[in-house]
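Subject: Structure for your review

Dear colleague,

Please find the sequence and structure below, followed by a summary of the findings.

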Amino acid sequence: FTLIPLHHISMENHDQEVVHVPPPPPPNKKVSPTTTRAKYQYPHQEKLEKEVWERIVECLRTCLPTLDDRSAVRSVSIASMGEVGIPITHSGEPLFPAISWMDRRALPQLNWWATNFDRTYLFSISGMPLDPMYSIHKIMWLRDQQPDIYASMYKWICLPDYLVFKLTGELISSYSHASRTMVFDVHTKEWSSELCEAAGISPDIFPKVTNSGVVAGEILPGI
């Protein structure tokens, strides 16, 4: 079991040929699913986003020196867990530890949706069933339980969006990851004003959204 499954890094050159470079061998220490769940679950949570970022930098810095020609690298792409969310400042610094997909703290907020909205209607807009893993419940929990953090929040972004920001300095999300908030209209491909208003939040707390696979930006120097 591994929490952050960085088993493969694929690099694509200008001819769209994929160069596979194995990451460093995993540590000998075995971590059970139960231990990992407790480590990143409320109230005993650690900074998941920090660990993920450090592992990515470690893998990149280990793999790149093995290439004969670094200029052959065409792009870096990210596949990640869209349900892990992070409130950030204007400068992109996390205000609060990332809330994991497995975290169940927002059950009271989910129950509010279940009481006030028809599940089928919610699904018809968001394409998501009711589940506490989705961002809107965590944002509402943050508002209710951590009002100072909520008031200071510039954006709420999913983990892959955070990684793109750390790599490029750009705040952007994909339609796929945006849908994991449960307040993204999968038909109009915009943040649902109806669902955001019902939740009592502004859609402005979310990043701009575009297709998967577009170029988000250039890798920042020093990474």
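In strand β5 (residues 85–88; strands are DSSP runs of E with at least two residues, and helices runs of H or I with at least four, numbered from the N terminus), Gly85 and Pro87 point one way and Ile86 and Ile88 the other, and all are buried. Buried means under 20% relative accessible area (1.4 Å probe, protein chains only). β5 pairs with strand β6 (residues 155–158) in the antiparallel sense over four bridges; pairing requires at least two DSSP bridges. Glycine 85 has cysteine 158 of β6 as its bridge partner.

The model is predicted: local features need pLDDT of at least 70 and side-chain atom pairs pLDDT 80 or more, while totals for chains, interfaces and linings use all residues. Residues are numbered from 1 along each chain as its sequence is written, and side-chain values use heavy atoms, without hydrogens and water.

The largest nonpolar core (buried Ala, Val, Leu, Ile, Met, Phe, Trp, Tyr and Cys residues joined through side-chain atoms within 4.5 Å) has 31 residues, and Trp113 and Ile136 are among those with the most contacts inside it. Its largest share, five residues, comes from α5. A second, separate core of 17 residues includes Trp53, Val57, Ile88 and Leu167.

Helices α3 and α5 pack with their axes (lines fitted to C-alpha atoms over the stretch in contact, with angles from 0 to 180 degrees between N-to-C directions) 8 Å apart, at about 115 degrees. They are therefore roughly perpendicular, a term covering 65 to 115 degrees.

Yours sincerely

Notes:
Buried < 20%, exposed > 50% of the residue type's maximum accessible area, 1.4 Å probe, protein only. Parallel < 35°, antiparallel > 145°, perpendicular 65-115°, else oblique.
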